[in-house]
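I opened the notebook to work through a structure that was new to me. I wanted to see how its parts fit together, one lookup at a time.

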Amino acid sequence: MKPAEITIRRPTARFGSRQSAPTYNLDRPIKGMRVGLRTDKYWRSWLDVCDVWSDMLKKDGAEPVVLRVGEHTGDEGQHTKDLVDAWASSVDCAVVGLAN
């Protein structure tokens, strides 16, 4: 008996086209700028990142303005929105987290 012919398929899909998030350029030195860093109490690793970036921004002459927000829904959610709105208008630029 002769063995049947088989086809071996590659088990991984082809990668799609590479797309990236938009990037922004301040077009000026960061020294003297107020740089916002927004985080919340739920993403602990981002709290650490904000602490490290705050130190780095200070070394470069910027003023980090960290906003740690709370809930996103209900009465406290409205309070959070109000805090974010006031904070956003008080900084020159901001980093609000990855996928936030």
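I looked up Trp46 to begin with. The model is predicted, and in it Trp46 has a relative accessible area of 3%. The cut-off for buried is under 20%, so Trp46 counts as buried.

Next I asked what Trp46 pairs with. Trp46 and Trp53 form an aromatic pair. Their ring centres are 5.5 Å apart, and the planes meet at 80°. I noted the geometry as edge-to-face, because planes over 60 degrees apart count that way. The structure holds 1 aromatic pair.

Is Trp53 buried or exposed? I found neither word fitting. Trp53 has 36% relative accessibility and counts as partly exposed, because that value falls between the 20% and 50% limits.

I then turned to the nonpolar cores. The largest has 8 residues, and Trp46 is one of them. I wrote down the others: Met33, Val35, Leu37, Cys50, Leu57, Ala62 and Cys93. Both β1 and α1 supply at least two residues each to this core. Helix α1 gives the most, with 3 residues. Another core lies apart from it and has 5 residues. Among these I listed Val65, Leu67, Trp87 and Val91.

The sheet came next. I traced 3 strands in the order β2-β1-β3, forming an open sheet with parallel pairing. Strands β2 (63-69) and β3 (93-95) stand at the edges. Each has a single partner strand, so one side of each lacks a neighbour in the sheet. I noted an average twist of 25° from one strand to the next.

I checked one pairing in detail. Strand β1 covers residues 34-40 and pairs with β3 in the parallel sense over 3 bridges. Leu37 stands opposite Val95 in β3. I had already listed Leu37 in the largest core.

Where do the helices lie? I found that α1 (residues 44-59) lies across β1, β2 and β3. Helix α1 runs at about 170° to β1. Helix α2 (residues 74-88) packs on the sheet and touches β1, β2 and β3. The direction of α2 makes about 170° with that of β2.

My last stop was Thr80, which lies in helix α2. Which residues does Thr80 touch, leaving out those up to four places away in sequence? I noted Val69, Gly70 and Glu71. Thr80 has 5% relative accessibility and so counts as buried.

Notes:
Residues numbered from 1 in each chain as written. Predicted model: local features only at pLDDT ≥ 70, side-chain atom pairs only at ≥ 80, totals over all residues. Heavy atoms only, no water. Pairing = 2+ DSSP bridges. Helix = DSSP H or I, 4+ residues; strand = E, 2+ residues; numbered from the N terminus. Axes fitted to C-alpha atoms, helices over the stretch in contact; angles between N-to-C directions. Contact = heavy atoms within 4.5 Å. Buried < 20%, exposed > 50% of the residue type's maximum accessible area, 1.4 Å probe, protein only. Core = buried A, V, L, I, M, F, W, Y, C linked by side-chain atoms within 4.5 Å. Phe/Tyr/Trp six-rings, centres within 6.5 Å; stacked < 30°, edge-to-face > 60°.
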